[in-house]
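Here's a quick briefing on how two chains meet. Have a look at the model first, then read on.

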There are 2 protein chains.
Amino acid sequence: MSLDHAATKPHEQLAAHLADGMEAVNTLIRERMASKHAPRIPQVTAHLVEAGGKRLRPMLTLAAAQLCGYTGPYHIHLAATVEFIHTATLLHDDVVDESAQRRGRPTANLLWDNKSSVLVGDYLFARAFQLMVEPGNLRVLEILSNAAATIAEGEVLQLTAAQDLRTDESIYLQVVRGKTAALFSAATESGAEIAGAPQPHVQALFDYGDALGIAFQIVDDLLDYQGDTKATGKNVGDDFRERKLTLPVIKAVAKADADERAFWTRTIEKGKQEDGDLDHALSLLHKHNALIDTRAEALAWAAKAKTAIATLPEHPIRQMLIDLADYVVARIN
Amino acid sequence: MSLDHAATKPHEQLAAHLADGMEAVNTLIRERMASKHAPRIPQVTAHLVEAGGKRLRPMLTLAAAQLCGYTGPYHIHLAATVEFIHTATLLHDDVVDESAQRRGRPTANLLWDNKSSVLVGDYLFARAFQLMVEPGNLRVLEILSNAAATIAEGEVLQLTAAQDLRTDESIYLQVVRGKTAALFSAATESGAEIAGAPQPHVQALFDYGDALGIAFQIVDDLLDYQGDTKATGKNVGDDFRERKLTLPVIKAVAKADADERAFWTRTIEKGKQEDGDLDHALSLLHKHNALIDTRAEALAWAAKAKTAIATLPEHPIRQMLIDLADYVVARIN
């Protein structure tokens with residue numbers, strides 16, 4: 001990314017501000033994704049790591065550490081850990097979802113095979129744990145290993161909950177905390193912790209990451225029903241076709257009459273979809289204000305993220321994180 | 001297991017000697033495989049954990065700790081860690097190998113689906129890391145996280161090496177160290193380390209676990225070609241049919257003439273197998289003494305395991321570990 005054009009979007013501002021650290025993170029990632037013995041590992045990993053995600057999660061770790069005044073070297077390890085856990089999760093997700101595309105490119109399970117995705121994912125998990133051990137900070141180890149368990153638990157819960165009409169907003173929130181927010185909050189919390197920040201600051205940054213992650217996922221789920229394909233790279237209705245019960249549908253199901261319930265049962269629970277079903281689903285979402293209500297929740301979580309860090313000491317990064325929370329929900333404004 | 005009938009086979013002697021510890025390990029495993037939110041997790045895990053493996057790996061951790069005079073509580077956590085890593089690996093292996101049976105029962109990927117096996121395996125990996133953090137011993141964390149990386153690396157290496165006739169004995173050894181020996185040696189090394197044993201004792205127990213694991217895997221690969229189906233529960237020739245290049249075939253390939261090489265290329269590399277191929281493969285293994293030579297290597301690794309701990313102080317467990325090394329290769333005598 002050229003610095004001349006940067007500093008427009010909040011994640012680009014952060015990237016510019018944290019450029020040295022992020023370069024060190026990228027170097028460490030490239031170093032640690034290597035394997036002396038198994039050349040397939042760096043092939044598969046490079047395909048994904050270099051596909052150019054925004055590196056939002058490792059940036060959050062660096063931001064939290066720097067915001068808390070950290071001057072040591074280990075936030076780099078934690079940021080790389082967080083990106084490795086994220087990458088491992090993507091590899092396994094694509095196997096579980098039988099996905100063919102990720103970030104506009106064919107998925108690793110398609111280019112190689114499911115076996116490679118499963119095992120290289122395991123390798124990256126293990127490399128993540130090696131990395132997180134290096135700073136020698138037990139509290140950080142607790143935070144990151146707990147996050148890994150919460151992520152996996154959320155993914156398993158989603159397996160059974162996503163096609164079950166009894167899934168309500170509290171179960172949805174558990175799934176979202178697992179699959180998305182747990183790594184955001186671990187990213188910010190571990191950054192604060194390695195900096196030796198006082199407990200209220202650590203908590204504030206945990207709360208920020210948690211709320212930001214939830215807002216991020218709700219926006220994603222909302223855009224699946226009302227997004228602009230060109231802007232999001234996703235097709236409207238993917239979640240519907242894949243029978244994934246997300247917040248908009250959960251809200252519509254909660255207000256459904258008997259006929260509507262039968263429609264959701266057929267299309268989501270039984271997966272018997274016909275032409276015109278997506279249009280009917282969209283009409284039900286509009287009828288019950290499900291998209292408007294979902295949008296309101298995303299905004300509320302973004303506001304919660306901002307409030308969480310409002311009392312932290314003044315710092316340029318604090319403002320960038322506040323802007324980032326606005327930016328995450330700006331896509332639905 | 002009733003103690004009355006125990007004390008005949010070395011692993012039963014160990015189990016009897018370590019009965020209290022193993023009960024604590026089993027309790028901890030049951031406790032930690034639970035999930036508040038995702039009921040599928042304990043279902044899948046219980047299916048495998050309670051299928052009644054020998055719990056050889058956690059027993060090795062307890063044995064090493066006790067042999068080194070440990071009296072604290074944390075060898076239990078490390079033993080449960082090792083069993084969780086093992087169970088996670090089995091879940092993922094069965095997906096990768098598309099297996100239908102494990103320990104005489106249908107595999108989890110068959111009873112539920114591949115998705116559940118991948119994600120519950122991830123959950124168990126994460127739970128293993130949470131468990132290993134609890135003792136607060138950084139050296140132990142290094143040992144176990146390095147082992148997890150070596151295991152995954154070995155599995156990925158096997159993906160590409162198993163059907164490649166260029167795979168020689170040194171690559172085979174790397175695969176075996178990864179897929180089997182790394183967890184055996186981490187089990188014994190971490191047990192010694194948590195006990196605060198002097199470095200030469202830690203090294204001796206690492207070497208024992210490493211050599212025992214290699215012997216164990218070579219025996220397994222040998223029995224695939226000359227085992228008694230009733231005794232082993234495996235069918236002769238499974239590895240051949242699954243096109244897995246193991247030590248017996250590697251030895252036969254090394255001595256193959258042009259015709260024989262063409263045979264191995266067709267059956268293993270290209271996987272074009274016909275009736276009578278297994279018999280021909282067996283005749284080539286016999287012709288080149290491949291089974292006899294493989295057996296000799298297994299015995300040599302078992303001897304190496306015994307030598308490694310020969311200089312440790314006299315202790316009843318030391319003798320049991322020596323007997324265990326003999327027992328592991330007794331199946332091929």
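What follows covers the interface between the chains, then the cysteines.

This is a predicted model, so keep that in mind throughout. Chain A and chain B bury about 3600 Å² between them, with 38 residues from chain A and 38 residues from chain B taking part in the contact.

**What the interface is made of**
- Carbon and sulfur atoms give 77% of the area buried between chain A and chain B.
- On the chain A side, A:His37, A:Leu119 and A:Glu153 lose the most area to chain B, and together they account for 17% of what that side buries.
- Sorted by class, the side of chain A that touches chain B has 19 nonpolar residues, along with 10 polar and nine charged ones.

**Polar links across it**
- Don't go hunting for salt bridges here: the count between chain A and chain B is zero.
- There are, however, eight residue pairs in polar contact across the interface of chain A and chain B, both partners being at pLDDT 80 or more.

**Which elements of chain A do the touching**
- Four helices of chain A each give two or more residues to the side that touches chain B: H3 (40-49), H5 (75-96), H7 (114-133) and H8 (138-161).
- H8(A) gives the most to that side, with 14 residues.

**Cysteines**
- Over all chains, the structure holds zero disulfides.
- A:Cys68 has a relative accessible area of 19%, so it counts as buried, the cut-off being under 20%.
- B:Cys68 comes out at 21%, so it counts as partly exposed.

Definitions and conventions: Residues numbered from 1 in each chain as written. Chains lettered and ligands numbered in written order. Predicted model: local features only at pLDDT ≥ 70, side-chain atom pairs only at ≥ 80, totals over all residues. Heavy atoms only, no water. Contact = heavy atoms within 4.5 Å. Buried area = accessible area lost by both parts, 1.4 Å probe. Salt bridge = Lys/Arg side-chain N within 4 Å of Asp/Glu carboxyl O. Polar contact = N/O pair within 3.5 Å; in protein donor to acceptor, adjacent residues only side chain to side chain. Nonpolar A, V, L, I, M, F, W, Y, C, P; charged D, E, K, R; others polar. Disulfide = S-S within 2.5 Å. Buried < 20%, exposed > 50% of the residue type's maximum accessible area, 1.4 Å probe, protein only.
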